Amino acid sequence: MQPESNILIDGKSVVKTHQRLLPRVENAGLEADNGFAVLARTILVSLLSINLAAGLQAQSPIVPPSNQTRSTYSSQGPVEGMGIYRPCTLSEYSEGISDCMPPDARQRSASSNGVFNGFDTYSTVPGIIPTPSNTYGPSEQYDQMGDRSAAAPPLYNQKEPPTEFQKYVQTSIGQLLPIFGASLFEHVPATFAPLDRAQVGMDYTIAPGDGLQISVWGQVNFSRLLFVDRTGEIVVPEAGPIAVEGMNYTQAASMIKSRLLHVYKGFDVSVTLSRLHSIQIFVVGEARRPGSYTVSSLSTLVNAIFASGGPSSRGSMRDIQLRRGDRTVRHFDLYQLLVSGDKSQDAQLCAGDVIFIPVAGPRVAIAGSVGHAGIYEIASGTTLAEGLVLASGVSPMASMDQALIERVAEGSALQVLHVPMSAKGLRTELQNGDVIRLLPIVPRFENAVTLRGNIANPGRFAWKQGMRISDLIPDKESLLTRDYWSARNALGSPEAPANGGTGVNTEEEDTSDGSSDGESRPARPNSKSAVGLSKISATQFGFEEEKPDTHGDASLGAATSPGNVPPVRRFTPRYTVQPAVPEINWEYAVIERTDQSNLTTHTIPFNLGKVILSHDEKQDFELLPGDVVTIFSKADFSVPRSQQLTQVRIEGEVAMAGVYTVLPGETLRQVLRRAGGVTPHAYVYGSQLIRESTRREQQKRYNDFLDNLESQVSEAASNLSSRVTSPQQAATAQTSVTSQHEMVERLRKFSMDGRIVLDMSPTDRGVDAFPNLPLENGDRLYIPSRPSTVNVVGTVYEQSSFLYEEDFRTGDYLKKAGGPTRSADKGHMFIVRADGSVISHHSGSVSFAKTFDSLPMYPGDTLVVPTYINRATFVRSLLDWSQILANFGLGAAAINVLH
């Protein structure tokens with residue numbers, strides 16, 4: 001089309017111009033010096049390239065001035081006489097609208113050829129465009145298209161320092177109160193700025209700069225966006241200029257249709273407002289960001305207040321003035337919007353309006369039990385009741401007796417006023433600088449008693465006249481806590497298998513035939529039925545498989561045993577009987593009461609069992625308001641043994657093995673009778689009574705012994721290091737000290753079992769042989785069956801268990817084990833009896849026998865032959881004394897020579 005042909009023609013003319021200039025450049029290069037010719041050629045070629053680019057740029061379809069129209073249009077462009085090219089918005093640029101151009105193209109063309117110096121008339125900024133010179137630097141200015149992407153954060157986003165009044169209030173009440181409404185302006189919400197595509201009322205007056213979207217349909221169809229120029233006119237195709245300034249939508253549509261009726265027939269017209277004109281206003285006074293603002297024509301006073309950052313900490317929120325010309329058209333109270341949401345006093349802005357924010361009026365601080373504590377600006381004559389309304393009223397916890405007011409008396413002193421919260425007191429007028437505090441109520445329950453402790457439903461209960469303990473605790477079932485019922489209910493729930501099973505050994509079985517150290521291991525049954533049976537048993541019963549010790553067992557039987565012998569299976573206990581929670585302390589409960597005469601607290605103990613179980617009126621004390629009743633369990637205090645719950649385990653060769661609750665005063669012998677007595681196979685002499693309190697005491701004594709031993713080892717090491725005279729002795733001493741410390745650490749790994757020696761005879765039989773020993777909670781009595789062997793361990797030729805023979809003595813069993821080896825310490829042999837007692841080689845019991853070897857042995861006894869460790873001590877001492885004597889002899893010989 002025509003524009004394209006013009007561009008091509010112009011382009012050819014520019015090319016021809018370049019072709020005419022190039023020979024001149026070459027001729028200039030021949031006539032001049034070679035270096036100068038190259039430089040001149042480069043400069044001229046660059047200038048010609050710039051000229052070519054400018055010529056092509058001048059032919060691009062750019063917006064002409066507002067008072068000009070294009071004479072020729074392409075098929076894709078506007079119809080002749082309709083509108084102008086304008087800058088695209090972001091949405092239009094992405095949609096590819098043909099009758100607008102990108103903003104950067106406008107800026108490039110305006111800067112290159114200076115055609116569009118007056119383009120700011122058609123600014124289409126959506127919303128408010130602030131242009132104050134005192135807030136941003138040159139690089140941070142908003143451009144005329146409203147591009148804020150490169151702008152720095154505005155200064156009003158920074159929090160203002162506290163005012164002098166705020167600091168005074170902080171010293172008075174201990175906290176910094178905010179100025180009411182200031183937080184709304186710390187981050188200006190974009191929703192207060194009118195949107196470019198917001199709905200416009202039908203009474204909107206068209207003005208220069210507005211964009212009208214005119215759509216015509218019927219026998220003729222077209223749609224164009226036309227802008228109202230400075231004269232208030234638009235240019236409609238075929239109809240010419242039409243003055244629309246001061247009209248609304250309906251009037252403009254009627255005017256355009258009447259003008260088009262002279263050209264077309266059978267059509268209809270729709271006029272909508274597509275772009276709004278902008279106006280300039282001024283925000284002055286105590287604003288956080290005063291200055292000149294370019295805003296949309298739909299902007300209101302509230303929009304401008306929020307866009308300017310609102311009043312500063314010194315500015316007023318109660319009397320924001322809108323001035324138009326030489327008169328004030330509106331006094332806006334921002335509190336009406338912030339407190340009650342009333343925006344009825346808002347006003348439409350006009351070009352040249354001035355928004356003036358004066359200095360804040362009288363201010364008061366309201367703190368304490370109110371809805372929103374803060375610093376409020378008050379009007380003249382504001383009462384205490386109206387001030388509390390500004391603070392969103394009093395809180396439910398506020399004391400309604402009185403309010404405290406700290407007031408500056410005549411600007412010279414401070415005074416405190418106690419204002420009653422009555423109708424008369426609420427009418428008290430507030431003054432500038434008042435600090436109002438509403439104290440919270442004292443958290444005191446005047447008509448309640450408190451029940452706590454070992455009870456199902458602790459809490460506060462309403463007190464009534466004549467109320468007693470039995471009224472507070474109606475029955476004994478209420479003393480069962482919720483933890484008790486939770487534990488009891490858990491007993492009936494399905495048990496979760498531990499480690500994926502029911503207490504079974506979850507170690508992976510080694511299916512290999514050999515081990516890494518080259519020694520063979522017993523083969524496991526490899527039949528599928530045996531493996532399946534093992535898995536079924538493992539899921540039904542908890543057990544542990546005892547693996548044979550192939551490293552320590554060097555007997556002939558172990559060497560000749562078949563490799564497919566299954567391991568010994570030892571089943572582990574799964575169930576036991578334990579109390580769910582601590583038992584109730586029926587003997588003691590207490591009432592805590594405050595004496596109103598001197599406000600001291602004293603306790604009133606009572607017997608809970610007599611009140612609840614026996615209904616003893618003497619123990620059923622009367623309660624007073626504020627009393628606290630505490631119910632204890634037997635775990636809260638160390639109660640007498642007769643009051644403690646005692647459960648013991650009796651196992652082994654007893655008629656009815658199990659867990660038994662010991663009655664008050666009941667002994668071990670009596671409990672055994674309740675359990676049915678012992679069986680004929682019971683070995684009473686070897687009975688084991690395990691007690692937890694004894695175990696703790698044994699462990700404490702054992703730890704004390706090890707601590708003492710370790711201190712002796714350290715002291716001996718320090719003494720030994722002072723006597724070292726050679727590197728060999730130092731190495732030997734270091735090795736000895738290290739081995740001694742390792743021995744102490746190994747000893748610490750042993751734990752005590754808490755066994756009590758019952759001191760019975762090997763020939764005792766039946767229940768009467770047991771002592772009348774009082775039992776403790778957690779005691780465990782194990783009565784084994786009579787063993788048939790005697791054990792010999794230690795430094796002997798064959799450690800083994802030998803059949804018990806009544807006539808055999810210690811020496812006889814020692815001979816059966818091959819006797820002591822060369823490294824045995826014969827002088828420190830000892831016997832561990834089946835009842836837990838020990839008889840050593842040097843004990844007094846040996847005096848009743850001729851020798852240690854003639855001592856009797858009983859079933860289950862163990863003979864221990866220790867190893868003689870310190871064999872090298874005498875040799876080392878002999879060498880040391882020999883060296884001393886030799887040195888002494890040499891010294892004596894030297895003295896004789898001197899003599």
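## Salt bridges and strand pairings in a predicted model

A search of the whole structure turns up 24 salt bridges. The model is a predicted one, and this report walks through some of those charged pairs before turning to the strands around them.

A little background helps here. Side chains of opposite charge can pair when their charged atoms come close.

Let us start with Arg-318, whose salt-bridge partner is Asp-333. The closest N and O atoms of Arg-318 and Asp-333 are 2.8 Å apart. Arg-318 sits in the loop between helix H7 (301–307) and strand S11 (320–324), while Asp-333 sits in the loop between strand S12 (327–332) and helix H8 (334–340), so the pair ties together parts that are 15 residues apart in sequence. Arg-318 is partly exposed at a relative accessible area of 24%, whereas Asp-333 is buried at 12%.

Next comes Arg-437, which forms a salt bridge with Glu-406. This pair links distant parts of the chain: Arg-437 belongs to strand S18 (residues 435–438) and Glu-406 to strand S16, 31 residues apart. Arg-437 has a relative accessible area of 25% and is partly exposed. Glu-406, at 17%, counts as buried, because the limit for buried is under 20% relative accessible area.

Lys-700 and Asp-704 offer a local example, with side chains that meet in a salt bridge. Both lie in helix H17 (residues 692–722), four residues apart, which means they are separated by about one helical turn. Lys-700 is partly exposed, with a relative accessible area of 44%, and Asp-704 is partly exposed too, with 37%.

Here are the N to O distances of the three pairs described above.

| Salt bridge | Closest N to O distance |
|---|---|
| Arg-318 and Asp-333 | 2.8 Å |
| Arg-437 and Glu-406 | 3.8 Å |
| Lys-700 and Asp-704 | 3.4 Å |

Salt bridges also join up into a network, which links Arg-649, Glu-651 and Arg-780.

Strands S16 and S18, met above through Glu-406 and Arg-437, bring us to their sheet. Five strands form this open sheet in the order S15-S14-S18-S16-S17, with mixed pairing. Strand S15 (374–377) and strand S17 (413–420) stand at the edges with a single partner strand each, so one side of each has no neighbour in the sheet. On average, neighbouring strands here are turned by 20° against each other, direction ignored. Strand S16 (residues 402–409) runs antiparallel to S17, and eight bridges join the two. Within this pairing, Gln-402 stands opposite Pro-420 in S17.

Elsewhere, strand S6 (residues 233–236) and strand S7 (residues 240–243) are also antiparallel, joined by four bridges. Val-235 has Pro-241 in S7 as its bridge partner. The hairpin of S6 and S7 has three residues between the strands, and Glu-238 takes a positive phi near 70° in this hairpin.

Finally, a look at the whole chain. There are 20 helices and 35 strands. The chain has 899 residues, of which 34% count as buried. Among contacts in the chain with a separation of 6 or more, 63% come from residues 24 or more positions apart. The accessible surface of the chain comes to about 52,900 Å², and carbon and sulfur atoms account for 54% of that surface.

Methods. Residues are numbered from 1 along each chain as its sequence is written. This is a predicted model: local features need pLDDT of at least 70, side-chain atom pairs count only at pLDDT 80 or more; totals for chains, interfaces and linings use all residues. Side-chain values use heavy atoms; hydrogens and water are left out. Two strands pair if DSSP finds at least two bridges between them. Axes are lines fitted to C-alpha atoms, for helices over the stretch in contact, and angles run from 0 to 180 degrees between N-to-C directions. A salt bridge is a side-chain nitrogen of Lys or Arg within 4 Å of a carboxyl oxygen of Asp or Glu. Buried means under 20% relative accessible area, exposed over 50%, partly exposed in between (1.4 Å probe, protein chains only). Contact means heavy atoms within 4.5 Å. Accessible areas come from the Shrake-Rupley method with a 1.4 Å probe; for residues, only the protein chains shown count as cover.
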